[in-house]
Amino acid sequence: MKTKLSKIFYCVAACSVIFSAHSLELLDGIAAVVGDSVILVSEVEAYTLLLMNREGIKSDSVRIKELRRQALDELIDGKVFVVHAEKDTNIVVSEEEVENALDRRIKMILQENNTTLEMLEQELQRTNGMSLREFKSQMRKGIKEQLVKQKVHQMYGASINITRKDVEQFYEQYKDSLPSAGKSVRLSKLAISFSPSDSARQAAYKRITTLKERLDNGENFAELARQFSDGTNAAEGGDLGFIGKGTLSELVFEEKAFSLAPGEISEIFETRLGFHIIKVEGRKDQRVHVRQILAQVAPAESEIKAVTSRLDSIRAACKTEENFKTAVKKFSTHEQTKSRGGDFGWHSAYSLPGKFDLENDDSPVGQICPPVKEDDSYALYRITDFKEERQYTLEDDWDLIAEQAKNIDAQKKLIDLVEKWRKETFIDIRL
């Protein structure tokens with residue numbers, strides 16, 4: 001318990017900059033000043049230790065000086081990101097986003113160490129002389145900086161377009177250094193969609209009409225979204241961040257978003273998810289910053305039961321791969337996989353869409369999971385192949401490799417931007 005918590009605490013210190021500059025400035029040396037922010041020597045030391053642990057380097061290594069310089073450079077880059085973001089009115093991180101991220105971070109620490117809040121506080125008090133409240137308070141600043149960096153990455157990465165040739169060239173260049181996919185399963189999918197009743201549509205429309213009237217009367221969009229939206233982003237005031245053309249599966253939504261001026265609120269419109277009202281907060285580099293209020297059109301319980309009962313029957317009847325392919329052809333409404341006989345490609349065994357027993361089954365091929373709820377359907381997934389270790393290939397992992405290629409291009413673009421922003425930012429290195 002002691003070792004694990006101390007390690008977690010130290011990593012959080014390195015990544016989240018938990019030390020308060022105001023309280024430690026007199027006791028801790030200043031390594032650098034970036035804009036109006038300081039980087040403390042303790043932050044550099046903590047981040048250096050993180051780099052050492054990551055690369056398996058011992059404390060007596062001749063590379064320590066090099067790693068310390070690398071740590072300082074990366075911390076400066078992070079501060080430069082934040083300084084630039086503070087000047088950009090399109091990059092906004094709400095207090096609610098910070099609190100939600102903080103809660104997730106604390107839960108992660110507790111889960112990884114199989115401990116409780118009370119035990120964590122005792123360890124913090126014993127090893128660092130601080131309460132859990134002080135720990136959270138000091139983490140907030142670092143978490144906010146991380147969220148700002150994420151939004152900068154999203155903003156500048158969204159505009160990058162990757163061609164087929166780019167992906168192929170990336171794969172040829174990096175295929176030998178790509179990590180293994182690890183334990184993997186190939187899945188087949190059979191999905192049956194459901195259509196909500198007219199009465200459910202009418203109820204959702206009535207609800208969102210009331211919200212539109214309140215918006216027209218001047219009520220705050222984000223607050224109404226927070227209270228009444230059915231979207232997964234409701235807690236963030238319906239904030240979807242910046243979206244680019246061609247990045248959404250709902251064309252109607254995208255067209256509405258790009259037709260609005262900053263500050264403008266849309267009329268009510270409908271997609272397969274339900275009824276929406278959106279507000280454009282700003283525009284930048286052919287992208288728009290959007291908030292939404294969603295009134296989801298939910299199906300009746302009887303409709304859901306009919307779909308899940310049919311899938312249960314299909315699951316019981318499909319004893320072979322051919323049985324499942326025949327059922328896909330006859331019943332599936334998921335056109336993308338239906339055209340391929342249900343093939344859903346390879347997936348990590350640790351992030352599967354359904355529940356399978358991979359630990360107690362030496363050959364899980366043929367397992368079919370119980371019905372899984374998706375956006376507007378329920379689905380069955382069947383394991384058609386299984387590998388303990390698998391290398392990525394263009395044929396089987398095109399989307400993932402394309403995303404990696406895009407990330408590399410985004411990183412290169414951001415490196416160039418940071419170099420430019422460094423020249424525009426006051427930096428005083430004292431270490």
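This passage walks through the cores, strands and helix packing of the structure above. The model is predicted, so local features are reported only at pLDDT of at least 70 and side-chain atom pairs only at pLDDT 80 or more, while totals for chains, interfaces and linings take in all residues. Residues are numbered from 1 along each chain as its sequence is written, and side-chain values rest on heavy atoms, with hydrogens and water left out.

The nonpolar cores come first. A nonpolar core here is a set of buried Ala, Val, Leu, Ile, Met, Phe, Trp, Tyr and Cys residues joined through side-chain atoms within 4.5 Å; buried means under 20% relative accessible area, exposed over 50%, and partly exposed in between, with a 1.4 Å probe and protein chains only. The largest such core has 46 residues, and Ile-39, Phe-135, Val-152 and Trp-421 touch the most other members. At least two residues each come from strand E1 (30–34), helix H3 (41–55), helix H4 (64–87), helix H5 (95–113), helix H6 (117–128), helix H7 (132–157) and helix H15 (398–423). Helices (H or I, at least four residues) and strands (E, at least two) are DSSP runs, numbered from the N terminus. H4 is the top contributor to this core, with 11 residues. There is also a second, separate core of 14 residues, with Val-307, Leu-311, Cys-318 and Tyr-378 among its members.

Two of the helices that feed the largest core, H3 and H4, also pack on each other. Their axes are 8 Å apart and make an angle of about 115°; axes are lines fitted to C-alpha atoms, for helices over the stretch in contact, and angles run from 0 to 180 degrees between N-to-C directions. Residues on the H3 side include Val-44, Tyr-47, Leu-51 and Met-52, and those they meet in H4 include Ile-64, Leu-67, Ala-71 and Leu-75. Contact means heavy atoms within 4.5 Å.

E1 is largely enclosed by the rest of the structure, because four of its five residues are buried. E1 has two strand partners, where pairing requires at least two DSSP bridges. With strand E2 (residues 37–40), E1 pairs in the antiparallel sense over four bridges, and Val-34 stands opposite Ser-37. The hairpin they make has two residues between the strands, and Gly-35 takes a positive phi near 60°. E1 is also joined by three bridges to strand E11 (residues 427–429), again antiparallel; Val-33 has Asp-428 as its bridge partner there.

Elsewhere, four strands make an open antiparallel sheet in the order E8-E3-E10-E9. Its edges are strand E8 (343–348) and strand E9 (372–373), each pairing on one side only. Strand E3 (residues 184–193) and strand E10 (residues 377–387) are held antiparallel over 10 bridges, with Leu-190 bridged to Leu-380. Two helices lie across E3 and E10: helix H12 (residues 301–317), at about 25° to E10, and helix H13 (residues 321–331), at about 35° to E3.

H13 has a clear two-sided pattern. Phe-324, Ala-327 and Val-328 are buried. These three cover an arc of only 105° around the axis (taken from the directions from the helix axis to the C-beta atoms), which puts them on the same side of H13. Glu-322, Thr-326, Lys-329 and Lys-330 are exposed on the other side. The buried residues pack against E3, H12, helix H14 (335–338) and E10. In the loop between H12 and H13 sits Lys-319, which is exposed at a relative accessible area of 67%.

Helix H8 (residues 164–174) tells a similar story, with Val-167, Phe-170 and Tyr-171 buried. Their arc is only 100°, which puts them on the same side of H8. Exposed Lys-165, Glu-172 and Gln-173 are carried on the face turned away from the buried side, and the cover over the buried residues includes H15.

Finally, Ser-266 lies in the loop between helix H11 (251–259) and strand E5 (269–271). Ser-266 is buried, with a relative accessible area of 3%. Leaving aside neighbours within four places in sequence, Ser-266 is in contact with Lys-212, Leu-260, Ile-277 and Ile-278.
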